Amino acid sequence: MSHPTIRGSLVALITPFNEDGSVNFDKLGQLIDFHLANSTDALVILGTTGESSTMSHEEDNAVCEYTVKRVAGRIPVIAGSGSNSTQTMLEKSL
């Protein structure tokens, strides 16, 4: 299977949080919309900038699902799957 070449501005997106430590999906949506409106070529989510190491698997999945739905195929979304645990990394990469 052929994969498209990604070029240009790939932004490592932060994951915003509410005061209680939960993911702030309203702010995340604003960040995504900003990048879509300003010609970002791809979003990189759940990397070290995205605080994935501090979030649960459920939160990672929710951020990924929310971002992919919000972007709606307009630009590529690249989700990080790194972990200090090899087993966790493999599970997240599937």
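Does Ala72 count as buried or exposed, and at what relative accessibility? In this predicted model, Ala72 counts as exposed, because its relative accessibility of 55% is over the 50% cut-off. Ala72 lies in the loop between H2 and E3. Its phi is near 50°, a positive value in a residue other than glycine. Most residues other than glycine have a negative phi.

The chain contains three helices and three strands. Along the sequence they follow the pattern β-α-β-α-β-α. The chain has 94 residues, of which 26% count as buried. Among contacts in the chain with a separation of 6 or more, 66% join residues 24 or more positions apart.

Two packed helices are described by the angle between their axes and the distance between the axes. Helix H1 spans residues 25–37, and helix H2 spans residues 57–71. They pack at an angle of about 40°, and their axes are 10 Å apart. That angle makes H1 oblique to H2. The crossing of H1 and H2 is right-handed. On the H1 side, the contact is made by Phe25, Leu28, Gly29, Gln30, Ile32, Asp33 and Leu36. H2 contributes Ala62, Val63, Tyr66, Thr67, Arg70 and Val71. By class, the residues of this contact divide into eight nonpolar, three polar and two charged.

In soluble globular proteins, nonpolar side chains tend to be buried together. In this model, the largest nonpolar core has twelve residues. Its members are Val11, Leu13, Val23, Leu28, Ile32, Leu43, Ile45, Leu46, Met55, Val63, Val71 and Ile75. The elements that give two or more residues to this core are H1, strand E2 (42–45) and H2. Leu28 and Ile32 of H1 belong both to the core and to the contact with H2. On the H2 side, Val63 and Val71 also belong both to the core and to the helix contact.

Leu46 is another member of the core. Leu46 lies in the loop between E2 and H2. Its relative accessible area is 6%, under the 20% cut-off, so Leu46 is buried. Phi of Leu46 is near 65°, again a positive value in a residue other than glycine. Outside its neighbours within four places in sequence, Leu46 is in contact with Ser52, Met55, Asp60, Val63, Cys64 and Gly80. Of these partners, Met55 and Val63 are also listed in the core.

The loop between E2 and H2 also holds Gly47. Gly47 is partly exposed, with a relative accessible area of 24%. Gly47 and Ser81 are 34 residues apart in sequence. Their C-alpha atoms are 7.4 Å apart in space.

Pro76 sits in the loop between H2 and strand E3 (77–79). Its relative accessible area is 34%, so Pro76 is partly exposed. Pro76 and Asp41 are separated by 35 residues in sequence, and they are 7.3 Å apart in space, C-alpha to C-alpha. Leaving aside neighbours within four places in sequence, Pro76 is in contact with Ile6, Asp41, Ala42 and Leu43. One of these partners, Leu43, is also a core residue.

Note on methods: Residues numbered from 1 in each chain as written. Predicted model: local features only at pLDDT ≥ 70, side-chain atom pairs only at ≥ 80, totals over all residues. Heavy atoms only, no water. Axes fitted to C-alpha atoms, helices over the stretch in contact; angles between N-to-C directions. Helix = DSSP H or I, 4+ residues; strand = E, 2+ residues; numbered from the N terminus. Parallel < 35°, antiparallel > 145°, perpendicular 65-115°, else oblique. Left-handed = near helix turned anticlockwise from the far one by under 90°. Contact = heavy atoms within 4.5 Å. Nonpolar A, V, L, I, M, F, W, Y, C, P; charged D, E, K, R; others polar. Core = buried A, V, L, I, M, F, W, Y, C linked by side-chain atoms within 4.5 Å. Buried < 20%, exposed > 50% of the residue type's maximum accessible area, 1.4 Å probe, protein only.
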